[in-house]
Amino acid sequence: MSLAEEAFATAFPGLAVEDVLALREGRDWRLFRGNDPARFAGLLSVADLDAHLRTDGARSPRVSMADEAREGSAGVPEHEFTLPDGRVDLPRLFQRFDAGASLVVSQFHETHPPLQRFCRGLEKLFLHGVQANIYLTPPGAQGFRTHYDTHDVLVLQVEGRKRWRVWDGERVPRPTRRTPWPGDLPPEGEPHVLSLAPGDALYLPRGVMHDAATEPGERSLHITVGLLEPSWAQAIRALVDAAELDDPALREAVPTWRIGETEFEATLAEKLARLAGAEQAERLANLLLEQLSRDRQPLPARGLFAPMPEGALRLSDGMHHHLAQAPDGMAALHWSSGRLTLTPEEAEAVIALAEGAVPTDRVLAEKLWRMGLLEPVSDLPPA
C-alpha cells in the first residue's frame, strides 16, 4: 500500500477519492463518525507528547499554550512555561496545564515519524503541503476562542471527547493568511453542537467559524491536520515572478502617464493574456510541484549504508518528485534536492520505475538510488 493509500484509508475510510476531492472543492463542513476508537492511535498518544516534552526539541514557538479564560489574548505568554532559551520548563508547563491551559504542539509531523508518513501520504494525494498540529486540553477547558482558519483542516479525535460548535457558511469569504483579521468577529446564526469521540473526524473548510471545549472530567487529545492549499492569487504571483525572467513584455515600464485612458486598460489586458494558455498552465503546474518539493522534508527509503538492491525498484514514495517533459523529447526529474536532466531514453526508464520495474539502465538506477529517489518493490519478482 502506498503512503497516499494508507493515509487516505486512515483519514477517509469508506469514501471514494472523487468524493473527498468534491468535498475539498466545496465550502461545507462535514462530520465523519468513526467505528473504531483506536483509529488514530497509531498516529499519536499522550505518551508521545510526554516523551517529546522531555527532549531539547520541545521549544517555543513550536510548543505553546492557550487558555480562553485569560484576559486579552488566549495565548499564554511564553515566559510562563518556558526557560529563557525557549526550552519548555516542564514543572511550570504542568502547572499551567493543570490550571486549565491547553497544550499546543505545532507541526509535530516534522519530528514524529507516524504523523510524518501520514502527512506525506495526504500530500501525495492533494499535491500541496500538509501539517499536523496537536491539541491536548485538560478537563473543563477551552483553548482558543471562536475563530476560523485560513486553510482547510481535518480534525482527528485521538483520545477523550471534545464538544465543538460549528457555524454554517463563511464569515469572511475565502480567507487566506494575507486576509486581515477583522478583530472581534461574532459568528452568524446558530451553531451546530457536536461531540467528537475517539475515531471521529471533522472537516472544516477555511472561513468556517468554530470553537471547541472539553467537558468537566473529560480530557481531549486531537490532531488538527492543516491542508495548506495555495490560493489562486498566491499561484499567480509565483507565475508572474517566473514569467518576468524570460518575457521582456512583462518587464516593460507601466505607462502611468496613460492612467485613465483606454490604452492603459488595453495594455493591462494584453499583459495578463500573456499569463494564460496551455504553456503557462504547464509552467504553473511545475512551479507548484517544485515548491512542494522544496518546502517538505525529503523522506528517502535508503539509509547511510545501503547498496542498491537487486530486483524491482520504484521511485521513492516518501520523496516529492515529478517529471517535466520538454517538446524536444528531453525531460527533467525534479525533487527536493535538485533537478536531473534526462534524455528521452532515460525519461522512459524513469516512467517505468514510477510504476515499479527491474531497471534496464543500471547506471541511471544507481544514480537515482544514491540520491534517495528509488526504493525496492517487494511485490515484483527479481530479474
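These notes go through two sheets, two pockets and one glutamate of a predicted model.

1. The seven-stranded sheet. Seven strands make up an open sheet, and their pairing is antiparallel. Read across the sheet, the order is β1-β8-β5-β10-β4-β3-β2. β1 (30-32) and β2 (63-66) are the edge strands; each has a single partner, so one side of each is left without a neighbour in the sheet. On average, neighbouring strands here are turned by 20° against each other, direction ignored.

2. The β2 edge. The partner of β2 is strand β3 (residues 102-105), and four antiparallel bridges connect the two. For a reader who wants to find the register, Ala-66 has Ser-102 of β3 as its bridge partner. Helix α4 (residues 90-98) lies across β2, β3 and β4 (129-137). The helix runs at about 30° to β2.

3. The largest pocket. This pocket holds about 1,600 Å³ of space. Its lining consists of 43 residues; those nearest the centre are Leu-228, Glu-229, Pro-230, Ser-231 and Gln-234. Which elements supply at least two residues each to this lining? They are α2 (17-25), α5 (113-126), β4, α6 (232-244) and α8 (278-295). The most comes from α8, which gives nine residues. Sorted by class, the lining has 18 nonpolar, 13 charged and twelve polar residues.

4. The second largest pocket. The volume here is about 810 Å³. The lining is made of 40 residues, and Tyr-135, Phe-144, Arg-145, His-147 and Asp-149 lie nearest the centre of the pocket. Strands β2, β3, β4, β5 (152-160), β6 (162-166), β9 (210-213) and β10 (220-228) each give two or more residues to the lining. By class, 18 of the lining residues are polar, 17 are nonpolar and five are charged.

5. Elements to look at in both places. β4 belongs to the seven-stranded sheet, supplies at least two residues to the lining of the largest pocket, and gives two or more to that of the second largest pocket. β2 and β3, which pair with each other, also give two or more residues each to the lining of the second largest pocket.

6. The three-stranded sheet. A further open sheet has the order β12-β13-β14, with antiparallel pairing. Its edge strands are β12 (321-325) and β14, each of which pairs on one side only. Neighbouring strands of this sheet are turned by 20° against each other on average, direction ignored.

7. The hairpin. Strand β13 (residues 331-335) and strand β14 (residues 338-342) run antiparallel and are joined by five bridges. The two strands form a hairpin, with two residues between them. Within the pair, Leu-333 stands opposite Leu-340 of β14, and Ala-331 is opposite Leu-342 of β14.

8. Glu-346. This residue is part of helix α9 (residues 344-355). What does Glu-346 contact, leaving aside its neighbours within four places in sequence? The contacts are Thr-341, Asp-361 and Leu-364. A polar atom of the Glu-346 side chain lies 2.9 Å from the backbone nitrogen of Thr-343.

9. A distance across the model. Arg-174 and Glu-346 are 172 residues apart in sequence. In space, 43 Å separates the two, C-alpha to C-alpha.

Conventions:
Residues are numbered from 1 along each chain as its sequence is written. This is a predicted model: local features need pLDDT of at least 70, side-chain atom pairs count only at pLDDT 80 or more; totals for chains, interfaces and linings use all residues. Side-chain values use heavy atoms; hydrogens and water are left out. Two strands pair if DSSP finds at least two bridges between them. Axes are lines fitted to C-alpha atoms, for helices over the stretch in contact, and angles run from 0 to 180 degrees between N-to-C directions. Contact means heavy atoms within 4.5 Å. On a 1 Å grid over the protein atoms alone, a cavity is a set of points where a 1.4 Å probe fits but cannot get out, and a pocket is an open set with protein on both sides within 12 Å along at least five of seven lines; lining residues have an atom within 4 Å of a point. Grid points are joined across faces, edges and corners, and a volume is the space filled by probe spheres set on the points. Ala, Val, Leu, Ile, Met, Phe, Trp, Tyr, Cys and Pro count as nonpolar, Asp, Glu, Lys and Arg as charged, and the others, Gly among them, as polar. A polar contact is a pair of N or O atoms within 3.5 Å; within protein, one must be able to donate a hydrogen and the other to accept it, and residues adjacent in sequence count only if both atoms are side-chain atoms.
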